[in-house]
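Colleague: Before I rely on any of the descriptive words used for this structure, I would like to hear how each one is justified. Could you take me through them one at a time?

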Amino acid sequence: MWLSVVAVVMLAWTLFPVYYMLLLSFTPTNDLFKPGLYVEHPTIRNYVYTMGQDNPFVRYFWQQIGNSLVIAVWAMVVVAAIAALGSFAMARINFRFRRWVSGLTLFTYVIPSSFLSIPFFRMMADYDLIDTKLAVVLAMVTFASPYALWVLSDYARSLPPEIEEAGAIDGAGILATFFHLYLPLIRPPLIAIGTYAFLYAWNEYLYALLLLTGEPRITLPVAMGNFLTTDNAPWNLLMAVSTVYSIPPVVLYYVFKRYLVSGLVSGAVSGT
Amino acid sequence: MRTTVRGRLLRSRTLHGFLFTAPLLLLFAAFVIYPMTMGVWFALDADAYRALFSDPIFRQTVINTLWYVGVAVNVKLVLALLLSGILDYPFRWIRLLAALFLIPWAIPALPGILSFRWMLNSQWGIFNHLLTLLGLPSVPWLAQYWTALGAVMVFHIWKYLPFWTIIFLAGRRAIPNELYEAAAIDGASSVQNFWHVTFPLLRNLYLICTLLSMVFTLGDFTVPWLMTGGAPGDSTHVLATLAYRYTFTMGRLEWGMATFAVAMPATLLFIGMLLRWVKM
């Protein structure tokens with residue numbers, strides 16, 4: 001009995017803000033200033049305006065969502081490559097400075113990325129990389145790699161030692177062992193950390209805000225944040241954009257939940 | 001002969017180790033160590049600290065950050081620990097509940113913050129609408145200090161509670177069932193179970209999570225910036241948002257760097273503790 005009461009409270013707390021976002025996104029502008037718990041005249045006009053870029057606030061919607069997508073895909077690919085290479089060394093090669101590398105990795109994982117944001121901005125300004133996607137991708141790759149390496153190495157350590165032996169018997173070099181024997185075996189956690197890196201970059205606000213300027217070049221969350229600086233932001237339109245922006249991460253989370261949660265959790269629990 | 005073979009093997013291992021971690025090391029050298037050194041260099045300016053400590057907004061910001069990190073993180077983790085017990089019940093509907101409970105974690109922070117902001121809007125928000133229906137006076141949620149800071153903390157809890165709950169749930173599942181069976185034979189109640197079996201075994205995990213979450217929250221920018229932006233009147237800044245204001249609104253780069261430098265000793269202490277506890 002008490003269990004179901006707690007469950008109802010949990011659900012209400014969890015879902016209400018999401019419900020309210022959806023509700024507003026279907027609210028016509030005339031009803032925006034009549035608060036309520038349901039929509040009296042639901043409309044998809046906000047979505048139509050967004051998709052058709054039919055309002056000054058969403059003039060560059062497709063370009064901005066495209067920027068977000070390009071940055072997230074690059075971050076995903078580069079993080080997966082770097083972490084796959086690194087995890088092979090960390091888990092399968094007993095080399096001398098390994099502890100040193102893992103300490104540096106953990107340090108990067110833990111230090112709040114915002115602490116490095118101002119020097120990072122300066123650095124990108126020095127290299128004339130402000131307003132390029134490359135700058136944001138570099139930041140995302142830097143901050144998403146440590147966790148990716150952690151999860152991958154953790155998984156790779158549980159693989160049997162026969163991989164290297166099989167490679168040695170075939171006379172394969174270390175690169176062949178990596179590509180033909182190691183990579184196929186780490187596919188599940190590689191999917192997990194690829195998704196993680198994609199979502200990390202897709203959700204990023206601070207670095208995108210600092211490094212990108214100009215309506216057609218910013219990412220979607222930065223554009224949405226800019227809505228707030230105007231006095232009469234069209235909140236129903238903003239919520240339609242919010243909903244569209246939330247769909248890819250929510251879909252990815254639920255599709256890859258199995259991988260994400262187990263990767264995450266094995267990292268956290270084995271860390272103790 | 002044997003030693004030279006081994007020596008060569010060791011050397012080639014070290015070489016391979018470095019080659020495979022080279023991209024990672026280059027990345028950290030270029031984008032972590034170099035900017036950090038640069039930050040320390042800029043933060044070596046004694047005038048900046050004098051300016052910061054005589055700025056009442058800075059002092060207020062330090063207090064806000066302590067509130068944010070101290071209260072939001074701990075309330076969140078206690079709730080996560082308790083709720084992980086609920087999600088551990090072996091009923092089918094609990095699994096559905098757990099899946100729905102993950103939504104705030106899956107949604108990016110920004111849409112959630114926007115939804116909260118509109119709910120808290122003093123004229124057209126749902127909260128004040130309901131208060132008015134109940135005959136109570138409406139509250140200018142984001143326009144007064146305590147409720148604005150509270151909104152930042154509540155949002156933080158809403159967004160990150162599911163993540164930590166899942167972590168603790170995994171911790172609970174790693175506890176061998178025999179321990180609970182033994183406790184059941186001794187006639188332990190569920191409260192006793194928690195204090196004598198679950199909590200002692202989760203204590204390490206709990207401490208590590210507390211440290212991690214505190215360091216992450218210490219540098220949080222997105223939630224306070226988009227929820228209040230420092231309003232009302234720059235009273236609800238945290239370190240990251242104030243550093244942004246110093247650097248980009250006021251053009252005082254060295255003040256911005258110094259703001260983060262002030263938090264570095266505590267951060268490094270936390271990191272040092274974590275490095276000792278967490279093995280990678």
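Modeller: Please keep in mind that this is a predicted model. A good place to begin is a pair of helices in chain A, where α6(A) passes α9(A) in a right-handed crossing.

Colleague: Which residues of α6(A) and α9(A) make the contact?

Modeller: On the side of α6(A) they are A:M140, A:F143, A:A144, A:Y147, A:A148, A:V151, A:L152 and A:Y155, and these meet A:P188, A:P189, A:L190, A:I193, A:Y196, A:A197, A:Y200 and A:A201 of α9(A). Sorted by class, the contact has 16 nonpolar residues, with no polar and no charged ones.

Colleague: What makes α6(A) roughly antiparallel to α9(A)?

Modeller: The axes of α6(A), residues 133–157, and α9(A), residues 187–203, come within 10 Å and cross at roughly 160 degrees. Angles over 145 degrees count as roughly antiparallel, and therefore α6(A) is described as roughly antiparallel to α9(A).

Colleague: Why is α10(B) also called roughly antiparallel to α13(B)?

Modeller: Here α10(B), residues 190–218, and α13(B), residues 253–277, pack at an angle of about 150 degrees, with their axes 10 Å apart. The cut-off for the term is an angle over 145 degrees, so α10(B) is roughly antiparallel to α13(B). As for handedness, α10(B) passes α13(B) in a left-handed crossing.

Colleague: How do the residues of the contact of α10(B) with α13(B) divide by class?

Modeller: They divide into 12 nonpolar, one polar and no charged. Among the residues that α10(B) brings to the contact are B:L207, B:I208 and B:V215, while those of α13(B) include B:T267, B:F270 and B:W277.

Colleague: What is the helix and strand content of chain A as a whole?

Modeller: Chain A has 13 helices and zero strands, and its C-alpha trace spans about 75 × 60 × 30 Å along the principal axes.

Colleague: How many residues does each chain give to the contact between chain B and chain A, and how many salt bridges are counted there?

Modeller: The contact takes 93 residues from chain B and 96 residues from chain A. Together the two chains bury about 8,800 Å² between them, 84% of it on carbon and sulfur atoms. A salt bridge would need a side-chain nitrogen of Lys or Arg within 4 Å of a carboxyl oxygen of Asp or Glu, and the count between chain B and chain A is zero.

Colleague: What makes A:D128 and the peptide bond from B:A231 to B:P232 worth pointing out?

Modeller: Most residues other than glycine have a negative phi, and most peptide bonds are trans. A:D128 has a positive phi of about 65 degrees although it is not a glycine, and this residue is found in the loop between α5 and α6 of chain A. The bond from B:A231 to B:P232 is cis, with omega near -5 degrees, and B:P232 lies in the loop between α11 and α12 of chain B.

Note on methods. Residues are numbered from 1 along each chain as its sequence is written. Chains are lettered from A and ligands numbered from 1 in the order in which they are written. This is a predicted model: local features need pLDDT of at least 70, side-chain atom pairs count only at pLDDT 80 or more; totals for chains, interfaces and linings use all residues. Side-chain values use heavy atoms; hydrogens and water are left out. Axes are lines fitted to C-alpha atoms, for helices over the stretch in contact, and angles run from 0 to 180 degrees between N-to-C directions. Helices (H or I, at least four residues) and strands (E, at least two) are DSSP runs, numbered from the N terminus. Angles under 35 degrees count as roughly parallel, over 145 as roughly antiparallel, 65 to 115 as roughly perpendicular and the rest as oblique. A crossing is left-handed if the near helix is turned anticlockwise from the far one by less than a right angle, and right-handed if clockwise. Contact means heavy atoms within 4.5 Å. Ala, Val, Leu, Ile, Met, Phe, Trp, Tyr, Cys and Pro count as nonpolar, Asp, Glu, Lys and Arg as charged, and the others, Gly among them, as polar. Buried area is the accessible area (1.4 Å probe) that two parts lose on being put together, summed over both.
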